[in-house]
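Student: I would like a close look at one part of this model. Please take a single loop and the strands it packs against, and walk me through the contacts. Then place that part in the wider chain.

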Amino acid sequence: MRLFHDSRNSEYRLPSGARRTGEAVRLRLRVRGGNPEEVWLRLWWEDAEQRFKMTDPSGDGLFEYVLTLPAKSGLLWYYFMVRADDGQWFYYSSGDYDSISESEYNKITKAMKKGKARSTSKSS
């Protein structure tokens, strides 16, 4: 399975750059190969996690979610999760076409919770 997102490309994030509170931002993830059963946008805002189920309106593997930004300014951290017939995959880095396994992701998040690693999610 191949996953791709580029936060600086309007096909994947529109509008780009810092946004005002309450604005809508469309986020997309390209999924190629495999058989995706569910695609999720996972984000953190003020130490709270939220998940949003993404849709593939054109049926071409370009999943999207339109996110309304919070009323209070700050940084949002996000990445994508894909459940497929061959397992669960995570996409967390712009420009990286490969996904990581669930076990590798668990190592990263465990270190983050202990304050030993910085988030690898993109927020811009």
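Tutor: What follows starts with the whole chain, moves to one loop residue and its partners, and then widens out again.

This is a predicted model. The protein chain holds 1 helix and 8 strands. From the N terminus on, the order is β-β-β-β-β-β-β-β-α. The chain has 124 residues, and 35% of them count as buried. Take the contacts between residues at least 6 apart in sequence: 63% of these join residues at least 24 apart.

Now the close look. The part to study is the loop between β5 (48-53) and β6 (62-68), and D56 lies in it. Is D56 buried, exposed or partly exposed? Its relative accessible area is 23%, so D56 is partly exposed. The cut-off for buried is under 20%.

Which backbone atoms does the D56 side chain reach? There are two to look at here. One is the backbone nitrogen of G59, at 3.1 Å. Another is the backbone nitrogen of D60, at 3.3 Å. Beyond its neighbours within four places in sequence, D56 is in contact with G61, L62 and F63. There is also a spacing to note towards V39, which is 17 residues from D56 along the chain. The C-alpha atoms of D56 and V39 are separated by 9.0 Å.

D60 leads on to R30. A polar atom of the R30 side chain lies 3.1 Å from the backbone oxygen of D60. So D60 takes part through two backbone atoms: its nitrogen is reached by the side chain of D56, and its oxygen lies by the side chain of R30, each pair being within the 3.5 Å cut-off for a polar contact.

R30 itself sits in strand β3 (residues 24-32). R30 has a relative accessible area of 12%, and therefore counts as buried. Setting aside residues up to four places away in sequence, R30 touches R2, L3, F4, E11, Y12, D60, G61 and L62.

L62 comes next. L62 is placed in strand β6. With a relative accessibility of 8%, L62 counts as buried. Leaving out neighbours within four places in sequence, L62 is in contact with E11, Y12, R28, L29, R30, T55, D56 and P57. That list includes both D56 and R30. L62 also pairs in space with V31: the two are 31 residues apart in sequence, and their C-alpha atoms are 6.3 Å apart.

L29, one of the contacts of L62, brings us to the core. The largest nonpolar core has 22 residues, and L29, L41 and L43 touch the most other members. Strands β1 (2-4), β3, β4 (36-45), β6 and β7 (77-84) each supply at least two residues of this core. L43 touches A48, E49, Q50, F52, L67, L76, W77 and Y78, not counting residues up to four places away in sequence.

L67, on that list, gives a link to another loop. G22 and L67 are 45 residues apart in sequence, with 9.3 Å between their C-alpha atoms. G22 lies in the loop between β2 and β3. Its relative accessible area is 43%, so G22 is partly exposed. Outside its neighbours within four places in sequence, G22 is in contact with T68, L69 and P70.

P15 is found in the loop between β2 (13-14) and β3 too. The peptide bond joining L14 and P15 is cis, with omega about -5°. Most peptide bonds are trans.

Last, the pocket. The largest pocket has a volume of about 330 Å³. It is lined by 20 residues, and the closest to its centre are R13, R19, L69, G74 and L76. Two of these names have come up before: L69 is in contact with G22, and L76 is touched by L43. The lining divides into 10 nonpolar, 6 polar and 4 charged residues.

To retrace the close look: the D56 side chain reaches the backbone nitrogen atoms of G59 and D60. The backbone oxygen of D60 then lies 3.1 Å from the R30 side chain. L62 is in contact with both D56 and R30.

Definitions and conventions:
Residues are numbered from 1 along each chain as its sequence is written. This is a predicted model: local features need pLDDT of at least 70, side-chain atom pairs count only at pLDDT 80 or more; totals for chains, interfaces and linings use all residues. Side-chain values use heavy atoms; hydrogens and water are left out. On a 1 Å grid over the protein atoms alone, a cavity is a set of points where a 1.4 Å probe fits but cannot get out, and a pocket is an open set with protein on both sides within 12 Å along at least five of seven lines; lining residues have an atom within 4 Å of a point. Grid points are joined across faces, edges and corners, and a volume is the space filled by probe spheres set on the points. Ala, Val, Leu, Ile, Met, Phe, Trp, Tyr, Cys and Pro count as nonpolar, Asp, Glu, Lys and Arg as charged, and the others, Gly among them, as polar. Helices (H or I, at least four residues) and strands (E, at least two) are DSSP runs, numbered from the N terminus. Buried means under 20% relative accessible area, exposed over 50%, partly exposed in between (1.4 Å probe, protein chains only). Contact means heavy atoms within 4.5 Å. A polar contact is a pair of N or O atoms within 3.5 Å; within protein, one must be able to donate a hydrogen and the other to accept it, and residues adjacent in sequence count only if both atoms are side-chain atoms. A nonpolar core is a set of buried Ala, Val, Leu, Ile, Met, Phe, Trp, Tyr and Cys residues joined through side-chain atoms within 4.5 Å.
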